[in-house]
Amino acid sequence: MTVYLVGAGPGDPGLLTVRAAEVLARAEVVVHDRLSVASLLDLAPPGAERISVGKTPRGPSTPQVDINALLVARGGAGQEVVRLKGGDPFVFARGGEEAAALQSAGVAFEIVPGITSAVAVPAYAGVPLTARGLNTTVTVVTGHEDSLSGGRTDWEAVARLGGTIVVLMGVATRAVIAERLMAGGLAPTTPVAAVRWGTRPEQHTVRTTLAGLGPAPVASPAVIVVGAVAGLDLAWYERLALFGRSVVVTRPPAQASALSGRLARLGARVVELPVIEIHDPTDGGAALASAAAAVAAYDWVVFTSANAVERFLHLLRDARAFGPARVAAIGPGTAAALAEARVVSDLVPERFVAESLLDAFPPAPPARGGRVLLPRAAVARDVLPDGLRARGWEVDVVEAYRTRTACPPPALVASAAGCDAVTFTSSSSVTGFLEAVGREALPPVVACIGPVTAATARRHRITVDVEADVHTLDGLVDALVAVLGRR
Ligand code: SAH
């Protein structure tokens with residue numbers, strides 16, 4: 001029973017610390033701010049209670065005393081509480097007040113530092129806070145109006161220090177701040193970089209000077225960097241291939257992250273809109289269980305999806321259960337799921353479709369025949385079982401899972417419809433999209449992982465703009481970059 005005051009970092013989920021991920025993973029309660037990124041909240045167990053104490057600028061907010069009382073109450077009741085705060089909890093974040101309240105109530109607490117926006121946001125804009133020869137100090141200062149009206153900050157002294165000045169919460173007061181820094185002796189031509197929504201796909205950098213800062217179009221939340229270093233331009237994030245582009249990922253939540261992660265690393269804004277759900281087989285898995293128990297009696301087990309691999313391997317107590325049975329995987333994603341359980345695929349076809357697998361598959365031994373086990377989705381094409389039977393194999397098709405159309409919330413559908421592109425990684429995701437969302441919500445660019453998925457889309461009168469040459473997630477991302485990318 002501890003209350004963790006955790007820094008969530010500036011926005012990019014990759015900038016969370018390992019310790020923060022650890023404590024989130026076993027949180028019973030997460031108390032978070034408005035700016036918290038949804039995917040970070042997903043790191044907490046599904047059953048954890050999530051309480052937003054969001055502060056909206058000039059809007060309603062939970063008073064700090066109430067937040068303190070909440071933390072004391074939940075921590076005191078013996079719950080594992082994560083208080084998730086943007087950036088670092090002890091940098092302009094009132095984490096000190098929360099810790100003091102916990103301390104005086106005798107509730108155990110731990111501070112998990114985070115990457116502060118004061119450091120990370122300039123980094124993502126390509127502005128080094130220090131540069132040899134340019135500055136020897138960095139001042140991090142709040143621009144909140146209290147710091148101006150109460151005369152609590154000696155801005156002229158900050159100016160005289162002459163190094164890099166990093167202003168948080170200074171958007172509304174930027175004109176006054178600029179004036180006072182100039183009054184303190186900084187040249188009107190001093191470079192300024194104002195970075196809004198830093199480290200996020202919405203990042204936007206405005207470069208100006210101290211004299212230009214007041215009238216410059218800067219909106220909150222932003223980090224404002226003043227000083228010679230702000231004249232350096234090592235921009236990289238805003239130059240990533242998919243920066244400024246938005247892409248819908250239609251895979252079910254458990255599989256979405258592999259694709260979403262790749263797209264996000266290229267700067268894309270990703271909207272995860274699961275249109276299909278994976279469910280247990282119709283018979284509750286009885287047929288799959290008996291097939292798994294008898295797996296050594298087969299000559300081959302053929303896997304056509306990572307889903308089938310996971311569900312099948314889950315039923316094996318011992319990897320040796322395969323005995324003499326050989327293993328085929330339709331593509332590298334499926335093979336990777338097998339490899340995770342240390343099962344090396346004996347066969348992966350050249351192109352990752354059923355037809356190519358058939359071409360590569362050996363004929364059944366003429367004398368005794370042979371048996372193939374094909375655990376797969378309830379609804380699938382018959383190319384593979386028919387083709388294998390034509391080559392003399394006896395084929396047992398066993399239902400490993402079912403896909404069902406999901407029912408995504410309307411707000412999510414609306415934000416997906418406004419995206420630049422949608423990705424389909426299976427035929428069922430195409431039909432799922434049409435059923436769950438409808439063709440009116442299709443973004444302008446449609447990208448398919450391979451010919452089978454693309455054919456399904458075309459059968460439904462969807463124009464396919466992107467078809468991956470290599471039918472893998474990487475192939476899909478490459479093809480998308482070629483069409484949407486800025487290079
Ligand atoms: N504890 C936080 C700061 C909270 S004060 C930290 O260490 O980062 C809130 C201010 O932080 C905002 O007004 C803005 O100036 C800055 N900020 C936080 N996240 C930001 C982001 N992603 N992009 C730009 N500014 C950000």
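How far apart do the C-alpha centres of domain 1 and domain 2 lie? In this predicted model, the separation between the two centres is 28 Å. Domain 1 comprises residues 3-115 and domain 2 comprises residues 119-235. The protein is further divided into domain 3, which is assembled from two segments, 246-275 and 406-484, and domain 4, which covers residues 281-403.

The interface between domain 1 and domain 2 was examined next. On the side of domain 1, 8 residues take part, and these are in contact with 12 residues of domain 2. The area buried between the two domains amounts to about 860 Å², and carbon and sulfur atoms give 66% of this area. The residues of domain 1 that touch domain 2 divide into 6 nonpolar, 1 polar and 1 charged. With regard to specific interactions, the count of salt bridges between domain 1 and domain 2 is 0, whereas 2 residue pairs are found in polar contact across this interface.

The surroundings of the ligand were then considered. In total, 18 residues surround the ligand. The closest of them are Val91, Thr116, Ser117, Gly198 and Ala222. By the domain bounds, Val91 falls within domain 1, while Gly198 and Ala222 fall within domain 2. Thr116 and Ser117 have positions outside the bounds of both domains.

Several backbone atoms of the protein approach polar atoms of the ligand. A polar backbone atom of Ala222 is placed 2.7 Å from an oxygen atom of the ligand. For Met169, a polar backbone atom is likewise found 2.9 Å from a ligand oxygen atom. At Gly198, the partner is a nitrogen atom of the ligand, which lies 2.8 Å from a backbone N or O atom of this residue. Taken alone, the ligand exposes 550 Å², and the protein buries 89% of that area.

Note on methods:
Residues numbered from 1 in each chain as written. Predicted model: local features only at pLDDT ≥ 70, side-chain atom pairs only at ≥ 80, totals over all residues. Heavy atoms only, no water. Domains from an automatic or database assignment. Contact = heavy atoms within 4.5 Å. Buried area = accessible area lost by both parts, 1.4 Å probe. Salt bridge = Lys/Arg side-chain N within 4 Å of Asp/Glu carboxyl O. Polar contact = N/O pair within 3.5 Å; in protein donor to acceptor, adjacent residues only side chain to side chain. Nonpolar A, V, L, I, M, F, W, Y, C, P; charged D, E, K, R; others polar. Near = heavy atom within 4 Å. Areas by Shrake-Rupley, 256 points an atom, 1.4 Å probe, with all protein chains shown as cover.
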